[in-house]
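Me: Hi! I am new to reading protein models and would love a close look at a single part of this one. Could you walk me through it slowly?

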Amino acid sequence: MPIRPQYPRAVVVELSARLPDRAVVVTDSGTSLDWWTRHLRLRNGMRSLLSGHLGLPGAAVPYAVAARLAAPDRPVVALTGDGAFQAGGLNELITVRRHLDRLAGLPPLVFCVLNNGDLNRLTWQRRAAAGDPLIPLSAEVPAMPYAEWARLAGLPAVRCDRPRHVASVWAAVLSRPGPVVVEFVVDGEIPPDWARDTGARQAPVTAHAPATGPVASSR
């Protein structure tokens, strides 16, 4: 069946509704930060970690690992885009695998990857600021099966490309202990709120969609 990319906003809204008490939430550079700042509500007792000043991408996964080691009693959720995940997150999962026995019995450590096949914040900055069309090759992120990669490394993983499963996937991964990688296939043609507010319009060029596949899970 063809994929049905969900709105990235919906992924964050559903996470916000299910965040466990005292959670630590981490985000990276890119549109993952945009969706995080507009649509995720932190409650009293929660903590947040950001990639400061939209610095180099790739901070979310190592930040989340550090948060887990510093606060082993708190649930930890990292929100990152596919570009930032390729910038360093994939390698940092090797650290998670090395310490899996130590981490498996602790509260949830969730690495959420928003897979849109694009360096999305950069393309929307160009489209919003100058009205440039989307040129896929200028910011295309190589297609990677992130959940499959995690399972190959020996980590639990889930892939979701059906909007109707977003809520149930979040409920499942936040109810189990230990680390898990969650890959959500999302629509890169949905502008972040700031781009929409500046009057950005979708260009007639379509970005390449990420690879297809069923919703899958592994323990």
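Me: To begin, where is the place of Asp161? Please carry on from there to strand β3 and the ring pairs.

Reply: Happy to help! A word on the ground rules: this is a predicted model, in which local features need pLDDT of at least 70, side-chain atom pairs count only at pLDDT 80 or more, and totals for chains, interfaces and linings use all residues. Residues are numbered from 1 along each chain as its sequence is written, and side-chain values use heavy atoms, with hydrogens and water left out.

Asp161 sits in the loop between β5 (157-160) and α9. Helices (H or I, at least four residues) and strands (E, at least two) are DSSP runs, numbered from the N terminus. Asp161 has 0% relative accessibility, so this residue counts as buried. Buried means under 20% relative accessible area, exposed over 50%, and partly exposed in between (1.4 Å probe, protein chains only).

The side chain of Asp161 has polar contacts too. One, of 2.9 Å, is with the side chain of Arg159, and another, of 2.7 Å, is with the side chain of Arg162. A polar contact is a pair of N or O atoms within 3.5 Å; within protein, one must be able to donate a hydrogen and the other to accept it, and residues adjacent in sequence count only if both atoms are side-chain atoms.

Next, strand β3, which spans residues 76-81 and has 6 of its 6 residues buried. In a regular strand, side chains alternate between the two faces of the sheet. Here Val76, Ala78 and Thr80 lie on one side, with Val77, Leu79 and Gly81 on the other, and both faces are covered. Strand β1 (residues 24-27) runs parallel to β3, joined by 4 bridges, and Val24 stands opposite Val76. Strand β4 (residues 109-115) is also parallel to β3, with 6 bridges; there, Leu109 is the bridge partner of Val76. Two strands pair if DSSP finds at least two bridges between them.

Finally, the structure holds 2 aromatic pairs. The ring centres of Phe85 and Tyr146 are 5.6 Å apart and the planes are at 75°, so this pair is edge-to-face. Rings of Phe, Tyr and Trp (its six-membered ring) pair if their centres lie within 6.5 Å; planes under 30 degrees apart count as stacked, over 60 as edge-to-face and the rest as tilted. Both Phe85 and Tyr146 are buried. For Trp170 and Phe184, the centres are 5.4 Å apart and the planes at 35°, so that pair is tilted. Trp170 lies in helix α9 (residues 166-173) and Phe184 in strand β6 (residues 179-185), so the pair ties together parts 14 residues apart in sequence.
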